[in-house]
Amino acid sequence: MERFIKELAKKRILGSKCPNCGYTYVPPRSRCGKCYTKLGEENLTELSGKGDLVSYTVAHVELDGHGNFLDLGEPKVIGAIKLEGADSTIFMPIKEIDPKEVKEGMKVEVVWGEETKGELADMKYFKPGGR
Amino acid sequence: MRNVAIIGCGQTKHASRRRDVNVAEMVADAAWNAMEDAQVTPDEVDSIVDGNMQGFGGIAQAEQWMGEWIGAPGKPVLRIATGGTTGGSVAQAAYYQVASGLSDIALAVAWEKHSDSKEAGATTGLLHVALGNFFHTFNYGMDLKSLVATAAVGAAAGVAVYQARHYMHRSGCRIEHLDMVAAKDRSNAAKNKYAHLQWPNCTPDDIAKTKMIVEPFRYGHICPASDGASAVVFASEDIAKKKTDRPAWIKGLASYSDEENQMMSENSGGTGIIDASEQMACRLSAMKAYEMAGIKDPQKEIDVAEIYQPFPSQELIFAERLGLFDETTAWKATEEGETEIDGRMPLDPSGGTNATNAIGSSAMQRVLEAALQVMGKAEEHQVPKDVHNAVAHGWGGVTNYIVVTVLGDSPRR
Amino acid sequence: MMNRRVAIVGYAQSRHQYDMQQTREDMVFDVAKGALKDAGIGREDVDTVITASTDFLDGRTISNVFLSMAVGAYLKDESKVEEDGAFAALYALMRILSGNHDIALVEGHTQASVFNPHQVSSFTFDPTFDRQIGLLNDVSTAAIQARMYMNGYDVSEEQIAGVSVKNLANAANNPNAQRKMPDITVEEVLSSKLYYDPIRELTISPSSDGACALVLASEEKAKEITDNPVWIEGVGSCQDSYIRDRDLLKIGSLQIAAEKAYKMAGISDPFAELDVLEISEKFAHEELMGYEALSLCREGRGKVLVEEGITEKYGEVPVNPSGGALAADPICATGLIRIVEAAKQIREEADGYQIPDVYKALAHGQFGACAQKNVVFILGGE
């Protein structure tokens, strides 16, 4: 996880590919949850940052951290994304598209912060990715 | 009635802050160590029981995220959390998984990673227990300085202070005896590679020199707040006999709960038990566990005990409640060296909770350490005699929860 | 098969509502006493007590520490599961099957009005990644699953709303239900407040305060206690992977749990052999996915069962005649309530919503995002 976050500064998204069963995790982890093989630095693999939107929801509310649902002025899209080369699904914001236009199966790609500092926020959001 | 035995144990090294691992990795360490020790693969494990105090680590239902690290997907998983007794309750639930016939090999995992919360030891969890102390302030009188000091070292101290005072008053035990217990526990811990507070050759004088926090507890008496995890593998009789020559059989167990009003409780309702060292639930749990185990005279038949003693007074109080010493005599026995690793009735050869306290896991560690003694696997802190029967104990809540497990080298008949 | 027969011999539940004007202690005391009374036994007859509650939901550590007296566990062998009460029933069952105990009292409760349980759910996600991104809670993840299911099997919002209509109308005849809507329509469901598309107010279970308790007994004791025992004929439980690494198009762990329970109970054709089901559907679409996981129909065909009225009270396989979780969701009590409601049907005590001729019932409890873990009970009458 630490490597994963550090590499974000270089605009790289890392995953772990299990040498035994081939399941590729993102973010990376120390043990495969499918076959329980240990995963190390040598199993890290770089992912392209592009993927498919396998599902999504349009949020009209958000929690404020204290138990209240706040109404959102502008609905936000939460995407479930399968990155190319990965088997895990990650959940990230989808922007630069009208929520009504979002479709399952769309191609999406990561948008990085202008300055990437080696923190999770470097992956700002995903946007529709062209062919 | 199906016999169940422990066939493997695993722990992590305990420390104030295990910054080198995240909680999933830490728990996985213990779980995999246990499975390796038991010589079982994750596919052979057919049920899992886990627990920790979720308020302390700040993750709710952590096994939902962490499950994959311990081989959970596709298996029945039960989450148990009962305060200080959590680890013991988790172990007992895993026993029941197998004893019920619904499972043949159950993995029990318990942990605590206090350091994930902002302040180790001063998390929402322990501070809440401190609430009990406010009632003491209002009802029995505790000066502000003591109250603040209590909160600083871990709120449970307040509860234990009154308990210790009652015992000392009744029995003639003096603060020097608490020094002796703590010194023994810290020295024992030095022989336990996983323990937190290791003080080789610690003497009562070493402890006596430490600062008084709140009478009668010195700094050197009080348990640490540890990050750590432990895991135990339970198996049915058939499987246990195939996997190992020396399984640790579960011969008896009970977990009776007592009146919470002994701390006046949140709603200050009802009449409280004034003497928190009375511990009727422990007496009853022990009686039930011994009865199941066929033990009629624990003083003669129990070879070693692992008692949950974040405070040294509790080692003495509970040793008596577990029937290992006549009432009011445990402190004398300590003075005479009977409770040392090589003594007649060794208590906490691992150092116990006094030396290592990862709350969710500590009560499981008592079961684990007792199992190691029966299996002859306690390495440097193995007691130098034949261990036929061992008893593991835990307390929790506001001293109203108890868990007692009797283990032995032969199955129940 | 189990080595000993165990039956449900008594039960009680609260009138579930938002912000019950009762302390937790009183609420728990009432159902514990009520269950014992229903069974016709006293506290002295109980060997062991297992409760269900969670520290995060109750807003305090060791959530049951001040409740052992209220639940009758004083000086009794007791323990607590930190999840849905149906898992407490499972643990109590194990304690009796072991032979160490004969009679168990099981209790579960949550006062969800204390702290928004959806907020609590946000604390269950991966603290190293998902939680920091801050998008996930039980509702948003359910919405993602719902949309995947709808797209995967061409299921419409109307079909999903059909579950809410069925259950909330059913609830009107259940005196313990919180949300009763006898005249509810699909239009009303689809115009209720949108949370995370497609999930709306009326397709999410309400936050309820409530408690439930039941008494389990070994065969010998059960026969002494009652003429009308409800036997536990099969049980199964399973936990799925974390949300990033599981197939959200189905509730896989429910399927595995159900298969185990069916096998133990000797059920080969659940659609034909089950007379009624009580499922914990915290979101309306979960009931449709539940039909499939429980093998009542093929994958993707859940919509047909609801459209054709098959799971209505008058249908071939009634599901949730009590109203289910959509009618009341006092979280840690919810699965236990499903067991009680199924038992009520077998004992013919479901006044006002009794299904005729019930001999075999299924009860289900779940916990975790998108029903990550599940437990299934098969119950049978004499």
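The following paragraphs lead through a predicted model, beginning with one chain and moving on to a helix contact and a sheet. Local features in this model need pLDDT of at least 70 and side-chain atom pairs count only at pLDDT 80 or more, while totals for chains, interfaces and linings use all residues. Residues are numbered from 1 along each chain as its sequence is written, and chains are lettered from A and ligands numbered from 1 in the order in which they are written.

Chain B has 16 helices and 11 strands, where helices (H or I, at least four residues) and strands (E, at least two) are DSSP runs numbered from the N terminus. Of its 413 residues, 68% count as buried, that is, with 20 or more other C-beta atoms, placed from the backbone, within 10 Å of their own.

Between chains B and C, helix H4 (residues 86-99) of chain B and helix H3 (residues 85-97) of chain C have axes that come within 8 Å and cross at roughly 65 degrees; axes are lines fitted to C-alpha atoms, for helices over the stretch in contact, and angles run from 0 to 180 degrees between N-to-C directions. Here B:Ala93, B:Tyr96 and B:Gln97 meet C:Tyr91, C:Met94 and C:Arg95, contact being counted when C-beta atoms, placed from the backbone, lie within 7 Å.

In chain C, nine strands form an open sheet of mixed pairing, in the order S3-S2-S4-S7-S1-S8-S11-S10-S9, two strands being paired if DSSP finds at least two bridges between them. Within this sheet, S8 (residues 230-239) and S11 (residues 373-380) run antiparallel and are joined by eight bridges, and C:Gly236 has C:Val376 in S11(C) as its bridge partner.

How values were computed. Contact = placed C-beta atoms within 7 Å. Buried ≥ 20, exposed ≤ 12 C-beta atoms within 10 Å, placed from the backbone.
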